[in-house]
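Trainee: I am new to this structure and would like a close look at one part of it. Please take the nonpolar core and explain how the rest of the chain relates to it.

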Amino acid sequence: MEQLNLPFRLGMDYEELEFDLEILPDRIQGYDSYIYLGKFNNFLNYITNKTELIFRMDVLEAIIISLPLKESEDIATRLESLLSSLNIKVQHNFKLYRFYNNNYVICITLLGNNTYILISNDNIISPLLLSLLW
């Protein structure tokens, strides 16, 4: 994820980020949710609203980045140029862009007035999406 210029990566220890985190209610049972308060206010040159980090047993398992946009297609195009493994699914009234890498999955979806970028291992991407819907 270095090419995405994120100040964190999946698999990081909680201790590396603990001074930049504030606890949130748990989004998924068995995982701890935190808001990231460190220096990270843009993703691919888009201003972020909030960044949530999800840990399990003190290991970073997922990242949720919220952007105040309605143009998720633009972000998908930029990610496609970096990762080139786009898969688009339309489910109910939202479109889901999915990018696969050897180590993680990135999903982009527009819900309400926000675009959400989810970065995680494939095993928890579905519970993350469900947690955004409910």
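**The core and its surroundings**

Mentor: In this predicted model, 46% of the contacts in the protein chain with a separation of 6 or more are between residues 24 or more positions apart. The elements that carry the chain are two helices and 10 strands. Read from the N terminus, their order is β-β-β-β-β-β-α-β-β-β-β-α. Of the 134 residues in the chain, 49% are buried.

Now to the core itself. The largest nonpolar core has 31 residues, and Phe8, Phe43 and Ile75 are the ones that touch the most other members. Several elements each supply at least two residues of this core: strand E2 (32-36), strand E5 (50-56), strand E6 (59-67), helix H1 (72-83), strand E8, strand E9 (105-111) and strand E10 (114-120). Of these, E6 gives the most, with four residues. There is also a second core, separate from this one, with 16 residues; Tyr31, Leu96, Cys107 and Leu128 are among them.

Two single residues help to show what lies inside and what lies outside. Start with Arg98, which is found in strand E8, residues 94-100. E8 is also one of the elements that supply at least two residues of the largest core. Arg98 counts as buried because its relative accessible area is 9%, under the 20% cut-off. The side chain of Arg98 has a partner: it makes a polar contact with the side chain of Asp122, at 2.6 Å.

Ile23 is the opposite case in terms of exposure. This residue is found in strand E1, residues 21-24. Its relative accessibility is 61%, and the cut-off for exposed is over 50%, so Ile23 counts as exposed. Leaving aside residues up to four places away in sequence, Ile23 touches Ser33 and Tyr34. A further distance places Ile23 relative to Glu52: the two are 29 residues apart along the chain, and their C-alpha atoms are separated by 9.7 Å.

Last, the outside of the chain as a whole. The accessible surface comes to about 7,500 Å². Carbon and sulfur atoms account for 45% of that surface.

To go over the part you asked about once more: the core to look at has 31 residues, with E6 as the element that gives the most to it, and a separate core of 16 residues accompanies it.

Notes:
Residues are numbered from 1 along each chain as its sequence is written. This is a predicted model: local features need pLDDT of at least 70, side-chain atom pairs count only at pLDDT 80 or more; totals for chains, interfaces and linings use all residues. Side-chain values use heavy atoms; hydrogens and water are left out. Buried means under 20% relative accessible area, exposed over 50%, partly exposed in between (1.4 Å probe, protein chains only). A polar contact is a pair of N or O atoms within 3.5 Å; within protein, one must be able to donate a hydrogen and the other to accept it, and residues adjacent in sequence count only if both atoms are side-chain atoms. Contact means heavy atoms within 4.5 Å. Accessible areas come from the Shrake-Rupley method with a 1.4 Å probe; for residues, only the protein chains shown count as cover. A nonpolar core is a set of buried Ala, Val, Leu, Ile, Met, Phe, Trp, Tyr and Cys residues joined through side-chain atoms within 4.5 Å.
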